[in-house]
Amino acid sequence: MSDKNKYTIRKLSPYFCAEIRGIDLNGPLDDEMVKAIQSDLEAHEVLVFLEQDLTSEDLMRLGRYFGPLTVHPFAENSEKNPELIVFDYKDGNPPVLTDRWHSDETYKLCPPMATMLYSRIVPEIGGDTCFSSMTTAYDFLSTKTQDFIRGLEAVHDFASYKYLFPDTEKGRQLLQRKELEYPPIAHPVVRIHPSTTSVKIAKSMYYQIRDKLRTYMTSICCMK
């Protein structure tokens with residue numbers, strides 16, 4: 001455990017994820033603190049901030065320190081703050097699309113660099129949010145497999161959300177508009193982080209991997 005820039009950070013696993021204590025995210029952060037958090041996020045990939053009592057405004061202000069906020073076009077967005085998604089899972093409303101390995105909004109040309117989660121109600125048992133390190137997943141691949149997937153592209157789309165559009169004239173028209181707004185987009189299967197130069201696999205639910213002559217259907221998952 002080490003102290004850094006007025007907060008304490010502790011690794012939660014050998015490969016990724018760290019816990020941060022001693023920082024209050026309710027108020028503004030200075031540039032030095034933002035840079036420290038950014039550095040730790042790049043180093044550990046997942047950060048857990050404990051003992052926080054945040055409002056919606058606090059959460060959005062925190063996010064804007066690291067870039068512009070996005071609005072998910074298919075989620076249950078907050079009416080007041082559409083940049084926020086409200087998850088209210090319970091009996092009769094189980095998780096559908098979130099209860100599987102995925103990265104957020106990969107059907108966009110520029111997906112968000114990170115996602116923030118803030119839990120207001122946490123069940124005593126279950127309800128876990130699991131994360132995986134695709135950097136570690138890549139490191140554990142054989143050299144032959146690493147060489148094979150380098151240079152491949154994955155074609156992403158929002159097919160998993162199409163069930164939201166009813167089979168009516170209005171629903172079909174809305175779906176067509178969304179298909180024009182978010183056409184299938186190709187992303188590299190293997191990415192190199194611009195700051196840390198670490199290599200990771202781009203993760204999503206389902207996608208096509210394109211080579212020069214052949215198209216492969218695949219789904220890459222990494223267990224926690």
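A surface patch here is made of residues with over 30% relative accessible area and no salt bridge, in which like charges are joined within 9 Å and nonpolar side chains (Val, Leu, Ile, Met, Phe, Trp, Tyr) within 5 Å. Accessible areas come from the Shrake-Rupley method with a 1.4 Å probe, and for residues only the protein chains shown count as cover. The structure is a predicted model, in which local features need pLDDT of at least 70 and side-chain atom pairs count only at pLDDT 80 or more, while totals for chains, interfaces and linings use all residues. Residues are numbered from 1 along each chain as its sequence is written, and side-chain values use heavy atoms, with hydrogens and water left out.

**The nonpolar patch**

Ile85, Phe87, Tyr89, Leu117 and Phe131 form a nonpolar patch on the surface, and together they have about 450 Å² of accessible area. Tyr89 lies in the loop between helix H2 (56–64) and helix H3 (134–139); helices (H or I, at least four residues) and strands (E, at least two) are DSSP runs, numbered from the N terminus. With a relative accessible area of 37%, Tyr89 is partly exposed. In this scheme, buried means under 20% relative accessible area, exposed means over 50%, and partly exposed lies in between (1.4 Å probe, protein chains only).

**Aromatic pairs**

Rings of Phe, Tyr and Trp (its six-membered ring) pair if their centres lie within 6.5 Å; planes under 30 degrees apart count as stacked, over 60 as edge-to-face and the rest as tilted. By this rule there are nine aromatic pairs. In one of them, Tyr15 and Phe140 meet edge-to-face, at 5.7 Å centre to centre and with 85° between the planes. This pair links distant parts of the chain, 125 residues apart: Tyr15 is in the loop between strand E2 (7–11) and strand E3 (18–21), and Phe140 is in the loop between H3 and helix H4 (143–149). Both Tyr15 and Phe140 are exposed.

Phe74 and Phe165 also form an edge-to-face pair, at 6.2 Å centre to centre and with 80° between the planes. Both Phe74 and Phe165 are buried. One aromatic cluster is formed by Phe74, Tyr107, Phe158, Tyr161, Phe165 and Tyr182.

**A network of salt bridges**

Side chains of opposite charge can pair when their charged atoms come close. A salt bridge is a side-chain nitrogen of Lys or Arg within 4 Å of a carboxyl oxygen of Asp or Glu, and the count by this rule is nine. Arg10, Glu19, Arg21 and Glu51 are linked in a network of such bridges, set out below.

| Salt bridge | Closest N and O atoms |
|---|---|
| Glu19 and Arg10 | 3.3 Å |
| Arg21 and Glu19 | 3.2 Å |
| Glu51 and Arg21 | 2.9 Å |

The bridge between Glu51 and Arg21 links distant parts of the chain, with Glu51 in the loop between strand E4 (47–49) and H2, Arg21 in strand E3, and the two positions 30 residues apart. Glu19 is buried, at 12% relative accessible area, whereas Glu51 is exposed, at 67%. Arg10 is partly exposed, with a relative accessible area of 35%, and Arg21 counts as partly exposed at 35%.
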